[in-house]
Amino acid sequence: MPQCNPILTLTKTASGIIAAGRCVTFSGAQASVQGAKTLGVASTSADVEDDLAVVVSGTATVESGAAFAVGDALTSDAQGRAITATGAEFVFADALEASSRAGAKIEALLRR
C-alpha cells in the first residue's frame, strides 16, 4: 500500500478539476500535456477555485497511467498520471513501487 511522506506541501487554488494523485502545474491545473513541467502531486481532489494541497518535495501517492518498474523515472501523461519518461520530458519523480496497470496508486519520490 502506498504511503506519503511529504517534506513540503504548498497550497494552490485549483484552476480546473483535479484528481487526487495527479500532477499539478504551476498554474494550479491538472497536467494535460505529456511531459509537462509540474509543481507537484495533488494530495486530494479539487474543483475549480478550491484550495488544493500539492506535495512538492518528499514522497507522494501518485496515480499511474501505465505499467512501470521500481526506480523508473516518471513524467506525466496527458491526464496528469505518472508514466515512464522516455526522452527529454520533465521528470517529476522516481517510482518507489512498481505499477502493473493504469490507475494503480503507488509511492513516488519527488525530484525537488
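These are my notebook entries on strand β8, residue T59 and a cavity in this model.

**Ground rules.** I am working with a predicted model, where local features need pLDDT of at least 70, side-chain atom pairs count only at pLDDT 80 or more, and totals for chains, interfaces and linings use all residues. Residues are numbered from 1 along each chain as its sequence is written, and side-chain values use heavy atoms, with hydrogens and water left out.

**Strand β8.** I looked up the partners of β8 (strands are DSSP runs of E, at least two residues, numbered from the N terminus; a pair needs at least two DSSP bridges). Strand β4 (residues 51–63) pairs with β8 (residues 105–110) in the antiparallel sense, over five bridges. Strand β7 (residues 93–95) is also antiparallel to β8, with three bridges. I then checked A108 in β8: A60 stands opposite A108, and A108 is the bridge partner of A95 too.

**T59.** Next I turned to T59, in strand β4. Is T59 buried or exposed? T59 is buried, at 9% relative accessible area (buried is under 20%, with a 1.4 Å probe and protein chains only). I found its side chain in a polar contact of 2.9 Å with the side chain of E107 (N or O atoms within 3.5 Å, one able to donate a hydrogen and the other to accept it). A polar atom of the T59 side chain also lies 2.7 Å from the backbone nitrogen of N5.

**Cavity.** Lastly, I noted the residues lining the largest cavity (an atom within 4 Å of a point on a 1 Å grid where a 1.4 Å probe fits but cannot get out). Among them are V56, F90, F92 and L110.

Note on methods:
Helices (H or I, at least four residues) and strands (E, at least two) are DSSP runs, numbered from the N terminus. On a 1 Å grid over the protein atoms alone, a cavity is a set of points where a 1.4 Å probe fits but cannot get out, and a pocket is an open set with protein on both sides within 12 Å along at least five of seven lines; lining residues have an atom within 4 Å of a point. Buried means under 20% relative accessible area, exposed over 50%, partly exposed in between (1.4 Å probe, protein chains only).
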